[in-house]
Protein chains: 2
Amino acid sequence: MNPDIQRWIDQIRSGDPRALARAISVVENRASGWSELLKALFPYTGKARVIGLTGAPGAGKSTLVDQLARLYRTGDQKHTVGIIAVDPTSPYTGGAILGDRIRMQDHFSDPGIYIRSMATRGSLGGLARSTADVATVLDGAGRDLILIETVGVGQDEVDVMRVADVTVVILVPGMGDDVQSIKAGIMEIADIFVINKSDREGADRVEREIRALQSLALRSDKWTPPIVQTVASEGKGIVELVEAIAEYETYLKKENLALAHAAQHWQQRLVEMLRDAMLDRARAQLTDGELSRYAADVAEHKRDPYTLVEEIVADVWKAGA
Amino acid sequence: MNPDIQRWIDQIRSGDPRALARAISVVENRASGWSELLKALFPYTGKARVIGLTGAPGAGKSTLVDQLARLYRTGDQKHTVGIIAVDPTSPYTGGAILGDRIRMQDHFSDPGIYIRSMATRGSLGGLARSTADVATVLDGAGRDLILIETVGVGQDEVDVMRVADVTVVILVPGMGDDVQSIKAGIMEIADIFVINKSDREGADRVEREIRALQSLALRSDKWTPPIVQTVASEGKGIVELVEAIAEYETYLKKENLALAHAAQHWQQRLVEMLRDAMLDRARAQLTDGELSRYAADVAEHKRDPYTLVEEIVADVWKAGA
């Protein structure tokens, strides 16, 4: 292996936060060396527990994640924690950044907690891809626990959550009349439900609604997602949440599902990686000028885009052969 | 051209709803013949006005879209309307379907309004791709106006909205404490703001907040998105919304921006089409069995996925040459 890469890996694994930050940036931006770095890190990965947490804006995710991280840090095992805060709601300006800065200060004194915020990359599927790669880096860096936090419940979030071994869906009482429609999507990815701000009116009603929807039995396994009531701002219910997470992990182990889940996850991820790699090959044969001329032709209806793409693919193939 | 395709195109263009529905299904599912059909339809496209509407669950989008459609139907021009209702929030069960059925009944008697619901396809970027293709079919079928309605404000919705010439973002008063964070993403795609349910308390506050955010000037052009207050359930403000849409279209025309927008849109869409086409070529060389064996190997840490994908790409290239 490249000795520079090896030195970098050593720094990352010894806990050097700057080496880690640089690795994450390189991987996230697909900057030069990203692929060598991930290849070199891969043998060290697979040890971290990856927990995903998702919920609507205002559900109190950040507070809950902070409390969780704190508890894992101070518990018996003194886990090291990596937090990935994903915010797909601001695709252009990167809305996650400010929150990152503010929260960083809070944990600044504890090198055992590393926080990274990510907003959407430009390309399709980019966010799930970056999240998966950044989680791989944190895993390879030796973080015991990776918490992935994301806003909302659309396809983006589902893709992001696929990276996690355990998915926690956070609801709050009184989120509006149409909460039902959000839950339909949520029910299928939740391994554990949290009702945060449960001191508000309506927490028990939300719990009953979840129970009612659960009877529709959308899961392919026999796990019934537990419901944990929390008041994250006061630290209430966090211990119970940690227990629920541990229980689900025990269930996965007992049923031999962890490996099956990982294989399933990799099947999708390999296809996505393949898609990106194939596009890279195609893009390498196509200048930006050609692309924008093609786009202008289609916009002016001089060419049909379907035939055009077939021709480009054929050209790429010929050039690559 | 294939005479069957020509007959089909003729049926679609004569307004036959069954031929249209079949075309949409074929295109949406990439079923046999999709590409010939789109190629044959393309020369007829580019005439429809495409208006996108997005907002959080509970913002009253469906009601607003129905009212809009009704108005365009009964106005001076008696526009024919196609509605595409996109619901990315329920990726597995297809939450949009029920709503579709219910709403279809309402418009059942008017063949001038065609409604199609779409939930997320399995693959990444699938929803934006299907929406764009279905819009192309409706455009080619001769619909004067296409209304695309989607839930939420994540990357999915931004991708979906890219298909539209005009993007309307719908807000409602009192949607919770964290509305600010949603707006950050919204500000950049909105050509027009609607404050629906504006008879509720706080409508003017929402309007002030939008104005404040607008002063941050995130747009690359000189358009200041107007804010229209509506009560869709009572039909209030719909005429004003139609006027705002027309004004923006006039602005686009005056500034010669319509073609530039279309070229920009096609540039992104061509890359996505290329990505899919390249993946198809790769997948054709790779059996499902091979793929799941690879995934299992990676899950068991027998192989690193980054080297593996490089090898697959190299193999695909060799086989294709």
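Helices, as the word is used here, are DSSP runs of at least four residues, numbered from the N terminus. With that in mind, one can place B:Asn256 in the loop between helix H10 (238-254) and helix H11 (257-284) of chain B. The model being described is a predicted one, and this loop is a convenient place to begin reading it. B:Asn256 has a positive phi of about 55°, although B:Asn256 is not a glycine. Is B:Asn256 buried or exposed? B:Asn256 counts as exposed because 8 C-beta neighbours lie inside 10 Å, and a residue with 12 or fewer such neighbours is put in that class.

Chain A can be read at the corresponding point. A:Asn256 is found in the loop between helix H10 (238-254) and H11 of chain A, and A:Asn256, which is not a glycine, has a positive phi of about 55°. A:Asn256 has 8 C-beta neighbours inside 10 Å and therefore counts as exposed.

The helix that follows in chain A is H11, which covers residues 257-284. Helix H11 of chain A has 28 residues and reaches 40 Å from its first C-alpha to its last, close to the 40 Å expected at 1.5 Å a residue. Several residues of H11(A) are buried, among them A:Trp266, A:Leu270, A:Met273 and A:Leu274, and the list also includes the charged residues A:Arg269, A:Arg275 and A:Asp276.

It helps now to step back to chain A as a whole. Chain A contains 13 helices and 7 strands, and of its 321 residues, 46% count as buried. Among the contacts in chain A with a separation of 6 or more, 74% are between residues 24 or more positions apart.

Chain A is divided into domain 1 (1-44), domain 2 (46-254) and domain 3 (269-320). Where domain 1 of chain A meets domain 2 of chain A, 12 residues of domain 1 are in contact with 12 residues of domain 2. On the side of domain 1 of chain A that touches domain 2, helix H1 (3-13), helix H2 (17-28) and helix H3 (34-41) of chain A each supply at least two residues. H2(A) gives the most to this side, with 6 residues. Sorted by class, the side of domain 1 of chain A that touches domain 2 of chain A has 9 nonpolar, 1 polar and 2 charged residues.

Within domain 3 (269-320) of chain A, A:Trp317 has its place in helix H13 (residues 305-320). How exposed is A:Trp317, and what count decides it? A:Trp317 counts as partly exposed because it has 18 C-beta neighbours inside 10 Å, whereas 20 or more would be needed for a residue to be called buried. The C-alpha atoms of A:Trp317 and A:Gln285 are separated by 9.5 Å, although these residues are 32 residues apart along the chain.

The strands of chain A can be followed from strand E5 (residues 166-171), which is mostly covered, since 5 of its 6 residues are buried. Strand E1 (residues 49-55) of chain A pairs with E5(A) in the parallel sense over 5 bridges, and the bridge partner of A:Gly55 in E5(A) is A:Ile170. E5(A) is also joined by 4 bridges to strand E6 (residues 192-195) of chain A, and these two run parallel. Here A:Leu171 stands opposite A:Ile195 in E6(A).

In chain B, strand E6 (residues 192-195) can be viewed from its two faces. In a regular strand the side chains alternate between the two faces of the sheet. B:Ile192 and B:Val194 point one way from E6(B) and B:Phe193 and B:Ile195 the other way, and all are buried. Strand E5 (residues 166-171) of chain B is joined to E6(B) by 4 bridges in a parallel arrangement, with B:Ile192 as the bridge partner of B:Val168. E6(B) also pairs with strand E7 (residues 227-229) of chain B in the parallel sense over 3 bridges, and B:Ile195 stands opposite B:Gln229 in E7(B).

The walk ends at helix H1 (residues 3-13) of chain B, in which B:Trp8, B:Ile9 and B:Ile12 are buried. Seen down the axis of H1(B), the buried residues fall within an arc of 100°, so they line one face of the helix. An α-helix has 3.6 residues a turn, so residues three or four places apart point the same way. What covers the buried residues of H1(B) includes helix H2 (17-28) and helix H3 (34-41) of chain B. On the other side of H1(B), B:Pro3, B:Gln6, B:Arg7 and B:Asp10 are exposed, and just after the helix B:Gly15 takes a positive phi of about 95°.

Methods. Residues are numbered from 1 along each chain as its sequence is written. Chains are lettered from A and ligands numbered from 1 in the order in which they are written. This is a predicted model: local features need pLDDT of at least 70, side-chain atom pairs count only at pLDDT 80 or more; totals for chains, interfaces and linings use all residues. Two residues are in contact if their C-beta atoms, placed from the backbone, lie within 7 Å. Two strands pair if DSSP finds at least two bridges between them. The arc is that of the directions from the helix axis to the C-beta atoms. Domain bounds come from an automatic or database domain assignment. The expected span of a helix is 1.5 Å times one less than its number of residues.
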